[in-house]
Amino acid sequence: MDAQPTTPAPPPGCPAHQAGGRVPLYGPEFAADPQAYYSYLRHFGPTAPVELAPGVEATLVTDYATALQLLQDSSSFRKDARRWRDLAEGRISPDSPVVPVLAYRPNCMFSDGAEHLRLRQAVTDSMARVDSRRLSRSTEQVSNYLIAQFGSRGSADLLGDYAKQLPLFVFNELFGCPADIGDRVLFGITGMFDGVNAEKAVEVLFGAVGELVALKRAKPGDDVTTWLMQHQARLTDEEMVHQLALLLVAGNEPLRNLIGNTLHRLLTHDAYAHRGGLIDEAIDDTLWENPPMQNLAPHYPAADMEFAGEKLAAGDLVLVSFAAANTGPALSAARQAGSNRAHLAWSAGPHACPSKDPARQITVTAVENLLNKLPDVELAVPEDSLTWRPGPFNRGLATLPARFTPAETVRGAVPPAHSEAPTHSGGSQTGPKRERAGKWSQFLNWLTR
């Protein structure tokens, strides 16, 4: 009798039997059910051959223990993307959709050794100075402003109208962006991730951040930009621009997905019953099962090596699947034992997210305030009709349509005299026409009217 096959079949739409057996982590099929892909990938072992975009090959770590080993091994693996052999040797086109995320920039994400320690310490120390009360107040003010825009309608897209915009506004305040610069930061980050004229969006973003650096050199403020500039690491203007761009981009896109995915969970799981006391639990469950960045942490072997039973060549692209590692069989016992914060959603090792505490605080405040203001909010469409954004890195919905009893106009309290963070950094210096030109300007006007 023939032996029965023990290897699971590829997920529907997965051409894994082609292209040398590499599994594609892009397209609508992957976006619709990535966990089916991760289940299939596990049969390869702790690592699996994947394709991030057409012609972009990588090794994906899907096992929790193996992921930790990689993330903590700075001697065998490097972060400097100039080591990426396929890109350096021209096998990957510079206009590939994944290159903007993976290509080298002189920031702490893509540095190693002493340079990484210097840049990372400047970022960590500066973010540690963020006052939690100020952060909660700023987040609540932004939340009130956004809810005021749609609350009287009785319906909203909680992604486009809320989760997508809130982190951008909060980070603009934290970094001391005046209105004209803040509007361009919003435009740049939104365009980068929506794929709308992305090349122009990147140009606008870096131009705006460069102006912010010049402004703070001339007129320091009580904000992260100034603290980073005054740090003993003595960052150059170029280093300032790249650290700030990294913080603004990396702080916004994952946070948008975390807020959106948490709201999705609350609206689609009856166990939470919309009770505020369960928001922390919903966030933890989301970080475990639907993390906002599902595959990232690019690393490159410093030399030819064997890793987790596979041969890797120097300069191969190796990524960690936070989503696969979190949901693997090996972690079920730890999670059941109550280790609810052992997930890898924030990464681990020397390059772990430096802003996980502010990110969690912003998410809690944003979700809690929304549920308090709109207590009967519910999903406006069948859950199975929701679509997820394609791509190998992010895990986020395209839209989250909701309905609720129309609310009275939600108006946040005008900031007290000692709390002028949104305007002290230069917003009042721009002319009236510029003040009304963009979303950040409109928010500043709303705060002070």
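R120 touches C108, P350, H351, A352, C353 and P354, leaving aside residues up to four places away in sequence. The model is predicted, and the contacts of R120 are read from it. R120 sits in helix α6, which spans residues 113–128. The residue is buried yet forms no salt bridge. D125 is the nearest side chain of opposite charge, and it lies 8.9 Å away. A salt bridge would need a side-chain nitrogen of Lys or Arg within 4 Å of a carboxyl oxygen of Asp or Glu, so R120 and D125 at 8.9 Å do not make one.

**The chain as a whole**

The chain contains 20 helices and 11 strands. Of its 449 residues, 54% are buried. Taking contacts between residues at least 6 apart in sequence, 72% join residues at least 24 apart. The exposed area of the chain is about 19,200 Å², and carbon and sulfur atoms supply 52% of that area.

**The second largest pocket**

How many residues line the second largest pocket? The lining consists of 17 residues, and R22, A58, T59, L312 and D316 lie nearest the centre. The volume of this pocket is about 240 Å³. The table gives the elements that contribute two or more residues to the lining.

| Element | Residues |
|---|---|
| β2 | 47–53 |
| β3 | 56–61 |
| α4 | 85–88 |
| β8 | 310–312 |

T59, one of the residues nearest the pocket centre, belongs to strand β3. Is T59 buried or exposed? Its relative accessibility is 15%, and the cut-off for buried is under 20%, so T59 counts as buried. Leaving aside residues up to four places away in sequence, T59 touches T47, A48, L312, L317, V318 and L319. Of these contacts, L312 is also among the residues nearest the pocket centre. R22, another residue of that central group, is 37 residues from T59 along the chain, and the C-alpha atoms of the two are separated by 9.3 Å.

**Helix α14**

Helix α14 covers residues 279–289. Because 8 of its 11 residues are buried, the helix is largely enclosed by the rest of the structure. Which residues of α14 are buried? They are I279, A282, I283, D284, D285, T286, L287 and W288. In an α-helix there are 3.6 residues a turn, so residues three or four places apart point the same way. The buried set in α14 includes the run from A282 through I283, D284, D285, T286 and L287 to W288.

Methods. Residues numbered from 1 in each chain as written. Predicted model: local features only at pLDDT ≥ 70, side-chain atom pairs only at ≥ 80, totals over all residues. Heavy atoms only, no water. Helix = DSSP H or I, 4+ residues; strand = E, 2+ residues; numbered from the N terminus. Buried < 20%, exposed > 50% of the residue type's maximum accessible area, 1.4 Å probe, protein only. Lys, Arg positive; Asp, Glu negative; His and termini not counted. Contact = heavy atoms within 4.5 Å. Areas by Shrake-Rupley, 256 points an atom, 1.4 Å probe, with all protein chains shown as cover. 1 Å grid on protein atoms, 1.4 Å probe; cavity = no way out; pocket = protein on both sides within 12 Å on 5 of 7 lines; lining within 4 Å. Points joined across faces, edges and corners; volume = space filled by probe spheres on them.
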